[in-house]
Amino acid sequence: MKTKREIILLLISLLVLFALYLGVRYLYYGSLTRNCIYTENSIPVPEQLAKGEIVVAKDAYLAVGYDREYVCLKNFGSIDRMIVGSHAMNNQSAGRQYFTDKGLTVESLKTSTSFRITNVVAVTKHGFTTIDSGPGPIYFLILKDKNNTLYRLATYSLGLNNKDLFLSFVDSSQPVNSSSTKFLSGDSFDTTWDHEGENSLTYTGKLTNLP
């Protein structure tokens, strides 16, 4: 039969192990209750973007399948189609293999395919894994096609150089110029980082005109 001292030592050991478990859990997830290293925050779509249409104007791809990183997110994780520009897909250091290693299938996305923006989601990373990548957030446009299929598009993937741009924006309030196409780029948006306060995305109206 165990003595009172042995019982006390056992209880102390269990408490220490439990405290270690909670500490490791907090370091990894950044939370004691959450089972995902990411959080999602849905924010309003800028009014001008909501009224317009996004059109595939140059070569683009779809990464199809559920990304293991994000499946723990209730809403964002359920979207199984990600739009990717050719500059990212054909990148020599990562490119197509980056997506196939995640178990995703790569498909071509037809030019002239059009979308409406239905939502904007800020995805923030937590825990010690942010040491390498930073917490973000990463802002995603949630798009819907004519068949009501949902897609996600990271604003950082729109491209900065003219040769990388691939998505045009058709503003219903502006006259259409058939001689040039207005492309979205990273400069088309202003975003807020977590350390700056509440998540927000603003449409700057900056579009790149290309013939």
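Where is the place of N147 in this structure? N147 sits in the loop that runs between β7 and β8. The model described here is a predicted one. This briefing covers an N-terminal helix, two nonpolar cores, the largest pocket and two individual residues.

**Helix α1**
- Helix α1 covers residues 4-29, a run of 26 residues.
- At 1.5 Å a residue, this helix should span 38 Å, and the C-alpha atoms at its ends lie 37 Å apart, so the two values agree.
- Directly after α1 comes G30, which adopts a positive phi of about 75°.

**Nonpolar cores**
- The largest nonpolar core holds 26 residues, and those that touch the most other members are I54, I83, L141, L143, L153 and F189.
- Two or more residues of this core come from each of β2 (53-56), β3 (60-64), β6 (114-125), β7 (138-144), β8 (150-154), β9 (167-170) and β12 (201-203).
- Strand β6 makes the greatest contribution to this core, namely four residues.
- Beyond its neighbours within four places in sequence, I83 is in contact with Y61, L62, L109, F115, L143, Y151, R152, L153, S157 and F166.
- Another core, of 20 residues, lies apart from the largest one; C36, Y61, L104 and V121 are among its members.

**The largest pocket**
- The largest pocket contains about 800 Å³ of space.
- Its lining is made up of 35 residues, and M82, I138, F140, Y156 and S157 are the ones nearest the centre of the pocket.
- The elements β4 (81-85), α4 (95-100), β6, β7 and β11 (189-191) each give two or more residues to this lining.
- Sorted by class, the lining residues comprise 19 nonpolar, 11 polar and five charged.

**Residue T181**
- T181 belongs to strand β10, which covers residues 181-183.
- The relative accessible area of T181 is 27%, which means that this residue is partly exposed, since that class lies between the 20% and 50% limits.
- Not counting residues up to four places away in sequence, T181 touches A57, S168, T208, N209 and L210.
- T181 and V170 stand 11 residues apart in sequence, and their C-alpha atoms are 8.7 Å apart in space.

**Residue N147**
- N147, in the loop between β7 and β8, has a relative accessible area of 58% and is therefore exposed, the cut-off being over 50%.
- Along the chain N147 and F115 are 32 residues apart, while 9.9 Å separates their C-alpha atoms.

Technical notes. Residues numbered from 1 in each chain as written. Predicted model: local features only at pLDDT ≥ 70, side-chain atom pairs only at ≥ 80, totals over all residues. Heavy atoms only, no water. Expected span 1.5 Å × (residues − 1). Core = buried A, V, L, I, M, F, W, Y, C linked by side-chain atoms within 4.5 Å. Buried < 20%, exposed > 50% of the residue type's maximum accessible area, 1.4 Å probe, protein only. Contact = heavy atoms within 4.5 Å. 1 Å grid on protein atoms, 1.4 Å probe; cavity = no way out; pocket = protein on both sides within 12 Å on 5 of 7 lines; lining within 4 Å. Points joined across faces, edges and corners; volume = space filled by probe spheres on them. Nonpolar A, V, L, I, M, F, W, Y, C, P; charged D, E, K, R; others polar.
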